[in-house]
Amino acid sequence: MLLRIHQALQPGELAQVRELILGADWADGRITAGSQSGTVKNNLQLPEELPAAQQARHIVSVALARNPMFVTGALPKSVYPPLFNRYGGDTNNFGNHIDNAVRTHAASARHVRTDISCTLFLSDPASYDGGELVVQDTYGEQRIKFDAGDLVMYPGTSVHRVEPVTRGERLACFFWIESMVRSDAQRRLLYEMDMAITSLRQKDLERAAQGAAESPEVVRLTGCYHNLLRMWAEV
Ligand code: NI
């Protein structure tokens, strides 16, 4: 499932994050690459221990935790602390690769299985050429270049790349999620069901305002959602 979350960062948060990271010292992006991806990775990355990276990471983490669509779509068990990258000039692309299956966070020695890969766009798409995130999935290639502040979540199992940036620069935040539900197909079903139930409940609330009773189908469907989640979740 490929999911877009509009304005995962509010404009004020986006401006703060950009200011923090633009003023920091960037390093070669291969610091976190595996042996295959290291050969095709050509970008810059913010060393995670820098105070600017820590502050920007905190802003992103708080924004995600309060976002219901992020929580519903990802069912996060563990989130790898967000990292930041930069494409432009001579360091402007990242060829085809699949992200490592397990990331170990150096500072905490915590392991995160990368069920979901995330990119949070931090640059206005009109300010740079190229830089599309190209994700190969069963329906063909998806070319993704979202508004600044928008997030894309896609299965960690996908081959993907970032096209060369030929004008301007592309800033982004990226990270991985270990989900309570490992299977992408199961997560997708739960997401569809949750969205449908939320919409039905909204209609129920509108009817309740006119004195109607809550419909028993909504109660039963909500029960089905939780019972599927109980069956599939690893916590
Ligand atoms: Ni990747």
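A salt bridge is a side-chain nitrogen of Lys or Arg within 4 Å of a carboxyl oxygen of Asp or Glu. Arg4 and Asp150 fit that description, with their side chains meeting at 2.7 Å, N to O. Keep in mind as you look around that this is a predicted model. The chain is divided into domain 1, residues 3-179, and domain 2, residues 184-232, and the points below go from the whole protein to the place where these two parts touch.

**Overall build**
- You will find six helices and 17 strands in the protein.
- For 235 residues, a compact globule would have a radius of gyration near 18 Å, and the 19 Å of this protein agrees with that.
- Along its principal axes, the C-alpha trace spans about 65 × 35 × 35 Å.

**Salt bridges**
- Searching the whole structure turns up 14 salt bridges, and the pair of Arg4 and Asp150 is one of them.
- Arg4 sits in strand S1 (residues 3-5), while Asp150 belongs to the loop between strand S13 (140-144) and strand S14 (151-155), so this pair ties together parts that are 146 residues apart in sequence.

**Where the domains meet**
- The C-alpha centres of domain 1 and domain 2 are 32 Å apart.
- Ten residues of domain 1 and eight residues of domain 2 make up the contact.
- Between them the two domains bury about 680 Å², with 66% of this on carbon and sulfur atoms.
- On the domain 1 side, Thr72, Leu75 and Pro155 lose the most area to domain 2, and together they account for 57% of what that side buries.

**Polar pairs and make-up of the interface**
- Zero salt bridges are found by the rule across the interface of domain 1 and domain 2.
- One residue pair is in polar contact between the domains, counting pairs with both residues at pLDDT 80 or more.
- Helix H4 (residues 68-74) gives the most to the side of domain 1 that touches domain 2, contributing four residues.
- Sorted by class, that side of domain 1 has six nonpolar, three polar and one charged residues.

Methods. Residues numbered from 1 in each chain as written. Predicted model: local features only at pLDDT ≥ 70, side-chain atom pairs only at ≥ 80, totals over all residues. Heavy atoms only, no water. Domains from an automatic or database assignment. Contact = heavy atoms within 4.5 Å. Buried area = accessible area lost by both parts, 1.4 Å probe. Polar contact = N/O pair within 3.5 Å; in protein donor to acceptor, adjacent residues only side chain to side chain. Helix = DSSP H or I, 4+ residues; strand = E, 2+ residues; numbered from the N terminus. Nonpolar A, V, L, I, M, F, W, Y, C, P; charged D, E, K, R; others polar. Rg over C-alpha atoms; globule rule 2.2 N^0.38 Å.
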